[in-house]
Amino acid sequence: MGAAFFPVLFFTAVWGAVGIGMPIMTPKGPHQNLIRCILMLTAACCWLFWLCCYMAQMNPLIGPKLKRHAIAMIAKSWDNKLVEG
């Protein structure tokens, strides 16, 4: 199982629009550069946080803790034999 192409492309486009498109539309004023910086940093941080969360789901560090009875029920419903060991 790997990364799907569409979600990565979609969220990159969304946060790219926030980080590139929104700073272009900031109103003129004494704090225009500060607002632009805030928008770009917000977009970069949110995109990076989303990417880390998305990638963490591909290879989880912790799996579900199943009891022996639940494993036996799953194996029976999937027509698999349990290997003792």
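**View 1. Phe6 and Phe10 sit about one helical turn apart in helix α1 of this predicted model.** Helix α1 covers residues 5-24. Phenylalanine 6 and phenylalanine 10 are four residues apart in that helix, so about one helical turn separates them. Four aromatic pairs are counted in the structure. Phe6 and Phe10 make one that is stacked. Their ring centres are 5.9 Å from each other, and their planes differ by 25 degrees. That angle is under 30 degrees, so the pair counts as stacked. Phe6 is exposed, at 59% relative accessible area. Phe10 is partly exposed, at 41%.

**View 2. Trp50 and Tyr54 form a stacked aromatic pair.** The centre-to-centre distance is 5.1 Å. The angle between the planes is 15 degrees. Tryptophan 50 and tyrosine 54 belong to helix α2, residues 32-56. They are four residues apart there, so the separation is about one helical turn. Are these two residues buried or exposed? Both Trp50 and Tyr54 are buried.

**View 3. Five aromatic residues form one cluster.** Its members are Phe6, Phe10, Phe11, Trp50 and Tyr54. The stacked pair Phe6 and Phe10 is part of this cluster. So is the stacked pair Trp50 and Tyr54.

**View 4. Two spans carry a UniProt annotation.** Which residues does UniProt list under "transmembrane region"? The unreviewed entry gives residues 6-25 and 37-57. In the model, residues 6-25 are 95% helix and 0% strand. The C-alpha atoms at the ends of that span are 27 Å apart. Residues 37-57 are likewise 95% helix, with 0% strand. Here the end C-alpha atoms lie 31 Å apart.

**View 5. Cys37 is in no disulfide.** How many disulfides does the structure hold? The count is zero. For cysteine 37, the nearest cysteine sulfur belongs to cysteine 45, 10 Å away. A disulfide needs sulfur atoms within 2.5 Å, so this distance does not qualify. Cys37 is partly exposed, with 36% relative accessible area.

**View 6. Cys46 is in no disulfide.** The nearest cysteine sulfur is that of cysteine 45, at 7.0 Å. Set against the 2.5 Å cut-off, that distance does not make a disulfide. Cysteine 46 is partly exposed, with a relative accessible area of 29%.

Key
Residues are numbered from 1 along each chain as its sequence is written. This is a predicted model: local features need pLDDT of at least 70, side-chain atom pairs count only at pLDDT 80 or more; totals for chains, interfaces and linings use all residues. Side-chain values use heavy atoms; hydrogens and water are left out. Rings of Phe, Tyr and Trp (its six-membered ring) pair if their centres lie within 6.5 Å; planes under 30 degrees apart count as stacked, over 60 as edge-to-face and the rest as tilted. Helices (H or I, at least four residues) and strands (E, at least two) are DSSP runs, numbered from the N terminus. Buried means under 20% relative accessible area, exposed over 50%, partly exposed in between (1.4 Å probe, protein chains only). UniProt positions are given in the numbering used here, feature names are shortened, and annotations may be inferred rather than shown by experiment.
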